[in-house]
Amino acid sequence: MSTENKGIMQHLIWKKHFLAILGAIIFIFGAALKQSNGQKKEGAVSNRASGTFEVKLTPQDDKTGQPGLGRFTMDKQLEGDFVGTSKGQMLTAMTSIEGSAGYVAIERATGMLKGRKGSFALQHSGTMNRGAQQLTITIVPDSGTEELTGITGVMKIKIEGGKHFYDFEYTLP
């Protein structure tokens, strides 16, 4: 076999090994991504909770000096399938366009969820684009305590007639 043919053969063998390794990496990361994107943990049961809440937002001193930016503390009283309180912090960005704004918040809810005592943290990310709203509220991973250890899930908020409602889909081990 000529030197040129040996070089081509080595290149083809290297390419074959590279593609096999690449395929294995894609398979491993794909499986990990599937598991982290909603596949339930073994023994986990999906549940739903709903109810009402009252919220008090208290503006904090604006130390940024930037117009349109705000910081608030949140205090909530929740009733329904989750009975308890929640405390947190919210950052907001208002714009000169009516109906366009953004906010992020972190809160810790403490109480009883369908008879199970404990707490968990919620992370909010909300935007309004000229009145069109988008809101994501997710339980912070591994933030559950006591009988709510291992809780995962998402929450939706609805406001009707000035009253706040929550709908919460969660999983517990």
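**Cavity and pocket linings**

User: How do the residues of the lining of the largest cavity divide into nonpolar, polar and charged?
Analyst: This is a predicted model. The lining of the largest cavity includes F53, L78, F82 and M155, which count as nonpolar, while K76 and E107 also line this cavity and count as charged. The full division is eight nonpolar, one polar and two charged residues.

User: Which elements give two or more residues to the lining of the largest cavity?
Analyst: Among the lining residues are K76, L78, F82, S86, E107, A109, F120 and L122. Residues 76 and 78 fall in 69–80, 82 and 86 in 82–94, 107 and 109 in 101–113, and 120 and 122 in 116–129. The elements are therefore, by the definition of strands as numbered runs, β2, β3, β4 and β5.

User: What volume does the largest cavity have?
Analyst: A search of the whole structure finds one cavity of 30 Å³ or more. The volume of the largest cavity is about 60 Å³.

User: Which residues that line the largest pocket are the closest to its centre?
Analyst: The largest pocket holds about 680 Å³ of space. Its lining has 24 residues, of which twelve are nonpolar, ten polar and two charged. The closest to the centre of the pocket are Y103, M128, Q133, L135 and I159.

User: Which element supplies the largest share of the lining of the largest pocket?
Analyst: At least two lining residues come from each of β1 (45–59), β2, β3, β4, β5, β6 (132–139) and β7 (152–160). The largest share is four residues, and the element that supplies them is β5.

Note on methods
Residues numbered from 1 in each chain as written. Predicted model: local features only at pLDDT ≥ 70, side-chain atom pairs only at ≥ 80, totals over all residues. Heavy atoms only, no water. 1 Å grid on protein atoms, 1.4 Å probe; cavity = no way out; pocket = protein on both sides within 12 Å on 5 of 7 lines; lining within 4 Å. Points joined across faces, edges and corners; volume = space filled by probe spheres on them.
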